[in-house]
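This report describes selected features of one protein model. The sequence and the structure are shown first, and the description follows.

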Amino acid sequence: MVKEFILEGLNCANCGAKIEQGVAELPGVITATVNFISKTLTLETEEEANLPELMKNAEGIAKKYEPEVNIIEKNEGNEGKLKNNGDQEEGETQKKRVISLGLGGGLFALAFLPFWSPGMKFALFLFSYLIVGGEVLLRAGKNILRGQVFDENFLMTIATLGAFAIREYPEGVAVMLFYQIGEYFQDRAVDQSRRSIKELLDIRPDYVNLSIDGEIRRVAPEEAAIGDLMVIKPGERVPLDGVVMEGQAMMDTSALTGESVPRRAKTGDDVLSGFINKDGLLTVQVAKVYGESTVAKILDLVQNAGSKKAPTEKFITKFAHYYTPVVVLVAVLLALLPPLFMENAAFSQWFYRALVFLVVSCPCALVISIPLGFFGGIGAASKKGILVKGGNYLEAINHVDTVVFDKTGTLTKGVFRVTGIHPAPSFTKDEVLQFAALAEFNSNHPIARSVIKAYDEMGGIKLHQEGITDFQEISGHGVKAQFNGQEILAGNDKLMKKTGIDFQEWQEGGTVVYLAVSGKFAGTIVISDELKDDALETIKKLRHLGINKLFMLTGDNQETAQRVSQALLLDKVYAGLLPVEKVEILEKIIRDKNSKKSVVFVGDGMNDAPVLARADVGVAMGGLGSDAAIEAADIVLMTDEPSKLVDAVCIAQKTRNVVWQNIIFAMGVKLVVLALGAGGLATLWEAVFADVGVAMIAVLNSMRLLKS
């Protein structure tokens with residue numbers, strides 16, 4: 001079972017990491033993931049797990065690390081209400097923080113006026129400290145009673161009370177004041193990034209206008225059923241996937257595809273939830289309920305992408321777990337050992353240096369900014385019509401050295417047309433096309449559709465199901481059907497050889513369909529497919545990015561596959577493959593690769609599902625709402641353009657750069673200040689910058705990805 005919960009009141013990224021670790025160790029839990037950015041807990045549990053008991057224990061762990069946290073099960077009914085309540089509470093909390101910071105900061109500034117007596121100065125510093133840091137002191141006390149010592153509240157409390165103990169009153173107040181100011185701006189930056197991502201994905205419909213008995217009734221999207229008629233006015237967003245029954249309009253598809261050019265929708269066309277009606281009145285029949293609609297799946301994918309953490313995120317979480325206790329231990333030793341073993345070493349001097357260590361030791365800069373970096377990268381990708389299902393996949397495509405493409409629908413348009421009919425003796429062209437259309441009548445394959453389209457254009461008698469029996473699709477070979485007692489075979493050369501038909505092989509280009517009627521070879525139909533407009537450009541750009549192993553797997557014949565391969569300058573092509581053979585060849589490619597590199601497979605997401613699942617990263621052509629594509633792949637290209645793969649790699653590289661900038665900057669500054677502090681060259685002022693200042697800069701750096 002997989003359940004999602006909202007962590008109401010979660011404000012500490014480091015605490016979130018500890019909650020994740022604690023809940024993951026509960027009996028019955030398979031995996032637990034805390035997403036600090038969306039404030040959610042995703043649990044995968046054993047089927048027999050006692051969920052109420054589990055949630056009680058999980059809430060106990062959450063409150064141990066952050067007492068204000070409440071765990072609430074997430075569902076469609078309460079999500080909006082919780083969001084509004086959360087926004088309202090957040091606003092009130094921020095208002096209180098601004099007031100306390102203003103009042104405390106004012107008293108702090110007053111204390112520096114020259115005419116106060118020493119006692120009055122101390123009183124002003126003390127009141128300023130309590131106003132600004134009272135909340136931190138209270139949380140630290142509660143956490144110590146719960147056995148939770150090594151957190152930022154404890155560290156700041158010890159550091160600032162220590163400063164008061166050695167009569168460094170201004171520094172004690174300043175550390176708490178600037179820590180709280182830094183926390184305020186850091187929270188604002190994280191909140192802004194959350195809002196930016198939510199705005200990116202602001203495609204959830206609020207209502208559906210249903211046409212019922214000539215009246216328009218407004219209902220919630222969840223209430224609409226398949227077959228209902230929706231009325232979509234100019235300027236409104238399409239709430240559910242459907243088919244246009246009446247009217248025509250230009251549709252803005254940018255929310256789903258990232259494409260700015262509108263497209264025309266007319267009677268009979270499919271429209272997807274998330275499209276915006278620009279200029280016409282449409283009547284659309286509902287094709288999918290809300291839970292199955294494109295917009296619901298996209299929202300679910302992007303918002304839950306944070307649950308699949310990249311190796312870098314997992315490393316930092318683990319690192320932070322050990323880093324803080326080690327630094328605290330070093331601080332204790334720094335305070336105690338030099339005065340014991342060194343002559344003229346004053347305890348107050350070394351105690352002050354230990355306080356610097358304590359302030360610097362909080363790992364929040366890393367714990368917040370790195371997942372935020374990956375989340376920003378995923379948001380930037382979704383803006384371009386690329387759905388990435390997790391930070392782990394975004395990181396994996398940084399290490400690609402091999403890309404394997406499917407042919408039909410991936411590198412080619414998948415729009416087939418009949419370009420040649422070559423009858424055998426005793427058959428005419430019209431007969432060959434008619435028999436082929438009868439055989440393919442019940443198939444949905446693009447080749448079958450092109451044969452039937454060519455027959456319709458020829459103007460022959462209208463085909464009906466009547467008379468067509470025993471239809472059978474033979475995987476990797478073709479189709480077989482009976483028509484008025486005659487057995488018709490239509491497929492590739494393998495089908496002819498398998499059934500013992502004496503046929504004449506066609507040697508020229510194109511996809512070839514061989515036809516046999518009642519055991520006798522009837523002729524050949526040649527079908528051609530066009531390359532996608534951006535296919536060659538994609539291959540060139542991938543090579544420019546340093547990806548030099550570019551292969552193609554296809555079920556098509558060797559000659560056609562070779563022609564496509566040569567046109568696109570691919571390194572190797574494997575043709576005439578059954579689905580199971582595609583998996584076998586991909587496994588061989590994976591075995592032969594560099595162990596630190598990854599193999600990407602790009603397919604159309606339906607017949608390639610096994611290969612997509614086997615690849616290190618499966619990339620599917622989304623087909624503007626192909627359910628199979630969205631389910632099977634790790635990354636979905638919503639516009640069916642292979643060049644979007646290049647965009648995905650570029651976004652992944654930029655994300656990696658930002659994440660490593662944050663790691664190097666945060667660790668670099670902290671280590672420098674730790675070294676300076678141990679040598680007595682850094683004060684608590686620098687230590688505060690190394691903590692909250694660095695965190696704020698790292699968060700702002702991560703937010704740059706949303707502008708990609």
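Strand E9 (residues 249-252) is joined to E10 by 3 bridges, and the two strands run antiparallel. Within this pair, Ala249 stands opposite Ala265 of E10. The model is a predicted one. Both strands belong to an open sheet of 3 strands with the order E10-E9-E12 and antiparallel pairing. The edges of this sheet are strand E10 (263-265) and strand E12 (276-277), each of which pairs on one side only. As a general principle, strands of a sheet pair through backbone hydrogen bonds, in either the parallel or the antiparallel sense.

**Overall architecture**

The protein contains 22 helices and 26 strands. Its C-alpha trace spans about 115 × 65 × 50 Å along the principal axes. Of the 708 residues, 53% count as buried. One separation within the model may be given for Asp493 and Pro67, which are 426 residues apart in sequence and 70 Å apart in space, C-alpha to C-alpha. Asp493 is placed in helix H15 (residues 493-498). With a relative accessible area of 25%, Asp493 is classed as partly exposed, because the buried class requires a value under 20% and the exposed class one over 50%.

**Strand E21 and its partners**

Strand E21 (residues 520-528) has 7 of its 9 residues buried, and it is therefore largely enclosed by the rest of the structure. Two strands that pair with E21 can be described in turn. Strand E16 (residues 417-423) pairs with E21 in the antiparallel sense over 6 bridges; in this pairing, Arg417 has Ser528 of E21 as its bridge partner. Strand E20 (residues 511-517) also pairs with E21 in the antiparallel sense, over 7 bridges, and here the bridge partner of Leu515 in E21 is Gly523. E20 and E21 form a hairpin with 2 residues between them. In the turn of this hairpin, Ser518 has a positive phi of about 55°. In a regular strand, side chains alternate between the two faces of the sheet.

A loop elsewhere in the chain connects strand E18 (478-483) and strand E19 (486-491), and Gly485 is placed in this loop. Gly485 counts as exposed because its relative accessibility is 71%, where the exposed class begins over 50%. The C-alpha atoms of Gly485 and Thr469 are separated by 9.0 Å, and these residues are 16 apart along the chain.

**A nonpolar surface patch**

Leu329, Val332, Leu333, Leu336, Leu337, Leu340, Phe341, Met342 and Phe347 make a nonpolar surface patch of about 920 Å². Helix H9 (residues 311-341) contributes the largest share of this patch, with 7 residues. Val332 is one of the patch residues and lies in helix H9; its relative accessible area of 41% makes it partly exposed. Phe347, also a member of the patch, is partly exposed at 46% relative accessible area.

**Aromatic contacts**

How many aromatic pairs does a search of the whole structure find? The search finds 12 aromatic pairs. Two of them are set out below, with their geometry.

| Aromatic pair | Centre to centre | Angle between planes | Class |
|---|---|---|---|
| Phe115 and Trp116 | 5.0 Å | 55° | tilted |
| Phe347 and Phe351 | 5.5 Å | 20° | stacked |

The pair of Phe115 and Trp116 combines two accessibility classes: Phe115 counts as exposed at 59% relative accessibility, whereas Trp116 is partly exposed with a relative accessible area of 25%. Phe347 and Phe351 both lie in helix H10 (residues 347-360), where they are 4 residues apart, about one turn of the helix. Phe347 thus appears both in this stacked pair and in the nonpolar surface patch. In addition, ring pairs link Phe122, Tyr129, Phe164 and Tyr169 into a cluster.

Arginine side chains are also found over aromatic faces. Arg218 lies over the face of Tyr207, at 3.7 Å from the ring centre. Arg353 lies over the face of Trp350, at 4.1 Å from the ring centre.

Notes:
Residues numbered from 1 in each chain as written. Predicted model: local features only at pLDDT ≥ 70, side-chain atom pairs only at ≥ 80, totals over all residues. Heavy atoms only, no water. Patch = residues over 30% accessible without salt bridge, like charges linked within 9 Å, V, L, I, M, F, W, Y side chains within 5 Å. Areas by Shrake-Rupley, 256 points an atom, 1.4 Å probe, with all protein chains shown as cover. Salt bridge = Lys/Arg side-chain N within 4 Å of Asp/Glu carboxyl O. Buried < 20%, exposed > 50% of the residue type's maximum accessible area, 1.4 Å probe, protein only. Pairing = 2+ DSSP bridges. Phe/Tyr/Trp six-rings, centres within 6.5 Å; stacked < 30°, edge-to-face > 60°. Lys NZ or Arg CZ within 6 Å of the ring centre and 35° of its normal.
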